[in-house]
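Thanks for making time this morning. I would like to walk you through one structure, so please have the sequence and the model open in front of you.

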Amino acid sequence: MFLRTIVLRAIACAALFVAVHGCAVAQQPLVLTGTIPLPNVQGRIDHFGLDPKGRLFVSALGNNTEEVIDISAGRVAHSIGGIPKPQGVAYSPEVSKLFVGSDEGKLYIYDGISLDLITAIDFGDDVDNLRYDGASKRLYVGYGDAESGAIGIVDAATNKRLDEEFKVEAHPESFQLETAGQNIYVNVPDLKQIAVINRSTHAIARWPLTLESNFPMALDEAEHRLFVVTRAPARLAVLDTKSGRIVAALPCVQNSDDVYYDAARKRIYVPGGEGYISVFQQEDADHYGLLGKIPSAVGARTAGYFGKGGKGFDLFYLAVPARADHGAEVLIYTVQD
């Protein structure tokens, strides 16, 4: 029923766009087709995670809860309380567990079915972005401050923190794992650099940046391109992962905290608190163009995009914090070819 509603809304949006602009809605890369209310959620909203079986996880940082959304029903099915300032979130379908990082320094591990707490691992400070590697059943954990900043590792099957970790000498923000290679690319904004970690040799290379406040990151591993969004100034920077060289830097929306690469369409989606989503088209590995500026909402700077959804749809989820005249919600955009 929920997906049918999305279809009807998409058709209505298409008709309205054609009537107003006199052109096909397919020219818009994202079309707003639905919303999911987040009842009783206040404050800042951070990162998203996905259970491939149909649950969306949203870290309500300012609310101290992890919101669990049933995508098919289009509603919040459960709210996990007792997490101080939740940030990064990841789900392991292989072992059916949910992992949530806390700004207060702990990693919380939940049973993927009952959502009961299994255990918590204390990393000391600011457990932020999480990345899960299904092949090795390892969870990579960005944590720490200026002195303790590192990428730690947890065995998802045993819930044990491994001795192996990678020091980056400052707090790590977004990072990405290679699947065909051994590298981990880490944004380290306090040092104005990207740390490149080799998981096999433990060698760390450092790429300096002239652009500042590099927080979100995405990876096009096939074309050897790394996408980094900065805030000072607001830019989408594209780097060659073979050399660390910046091959493009394009103006984008301000105050972004997420970026996603759409490998099927060769697009990059950048949501930002300024109130719109910047969408870029990758013409080839070195050339990029602005495809559209999609209206969203002021303060909406985190999102979730996980590729093809059910019944042939691509859905892009955007978190909108509560405002004076409107409750918190997740906006749903259908991706257009």
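**Two sheets, a pocket and a few residues**

Let me begin with an open sheet of 4 strands, in the order β6-β7-β8-β9, in which the pairing is antiparallel. Here β6 and β9 (117-122) are the edge strands, each with a single partner, so one side of each has no neighbour in the sheet. Ignoring direction, neighbouring strands of this sheet are turned against each other by 20 degrees on average. The axes behind that angle are lines fitted to C-alpha atoms, for helices over the stretch in contact, and angles run from 0 to 180 degrees between N-to-C directions.

Before going further, I should say that this is a predicted model, in which local features need pLDDT of at least 70 and side-chain atom pairs count only at pLDDT 80 or more, while totals for chains, interfaces and linings use all residues. Residues are numbered from 1 along each chain as its sequence is written, and side-chain values use heavy atoms, with hydrogens and water left out. When I say strand, I mean a DSSP run of E of at least two residues, helices being runs of H or I of at least four, and both are numbered from the N terminus; two strands pair if DSSP finds at least two bridges between them.

Within the first sheet, β6 (86-92) is joined to β7 (residues 97-102) by 5 bridges, the two running antiparallel, and Tyr91 has Leu98 in β7 as its bridge partner. The hairpin of β6 and β7 has 4 residues between the strands, and in it Ser96 takes a positive phi near 55 degrees. Moving one strand along, β7 and β8 (residues 106-111) also pair in the antiparallel sense, over 5 bridges, with Val100 opposite Tyr108 in β8. Is β6 itself enclosed or open to the surroundings? Since 7 of the 7 residues of β6 are buried, it is largely enclosed by the rest of the structure, where buried means under 20% relative accessible area, exposed over 50%, and partly exposed in between, using a 1.4 Å probe and protein chains only.

The second sheet I would like you to find is also open, with 4 strands in the order β1-β28-β27-β26 and antiparallel pairing. At its edges stand β1 (30-37) and β26 (303-308), each with a single partner strand, so that one side of each is left without a neighbour in the sheet. The twist from one strand to the next averages 20 degrees. In this sheet β27 (residues 314-320) and β28 (residues 329-335) run antiparallel and are joined by 6 bridges, and Leu315 has Thr334 in β28 as its bridge partner.

Now to the largest pocket, which holds about 1,100 Å³ of space. On a 1 Å grid over the protein atoms alone, a pocket is an open set of points with protein on both sides within 12 Å along at least five of seven lines, as against a cavity, where a 1.4 Å probe fits but cannot get out, and lining residues have an atom within 4 Å of a point. Which residues lie nearest the centre of the pocket? Of the 34 that line it, they are Arg131, Tyr132, Gln176, Tyr260 and Phe306. Strands that each supply at least two lining residues include β6 and β26, one from each of the sheets I have described. The lining divides into 18 nonpolar, 9 polar and 7 charged residues.

Let me close with some individual residues. Strand β16 (residues 193-198) contains Asn198, which counts as partly exposed at 22% relative accessibility and touches Phe166, Gln182, Asn183 and Ala203, leaving aside residues up to four places away in sequence; contact here means heavy atoms within 4.5 Å. Gln193 is also found in β16 and is buried, with a relative accessible area of 11%.

Backbone geometry deserves a look as well. His202, in the loop between β16 and β17 (204-208), has a positive phi of about 70 degrees although it is not a glycine. Asn40, in the loop between β1 and β2, likewise has a positive phi, near 65 degrees, and is exposed, with a relative accessible area of 69%. Finally, the peptide bond from Ala232 to Pro233 is cis, with omega near -5 degrees, and Pro233 is found in the loop between β19 (225-232) and β20 (234-240).

How values were computed
Grid points are joined across faces, edges and corners, and a volume is the space filled by probe spheres set on the points. Ala, Val, Leu, Ile, Met, Phe, Trp, Tyr, Cys and Pro count as nonpolar, Asp, Glu, Lys and Arg as charged, and the others, Gly among them, as polar.
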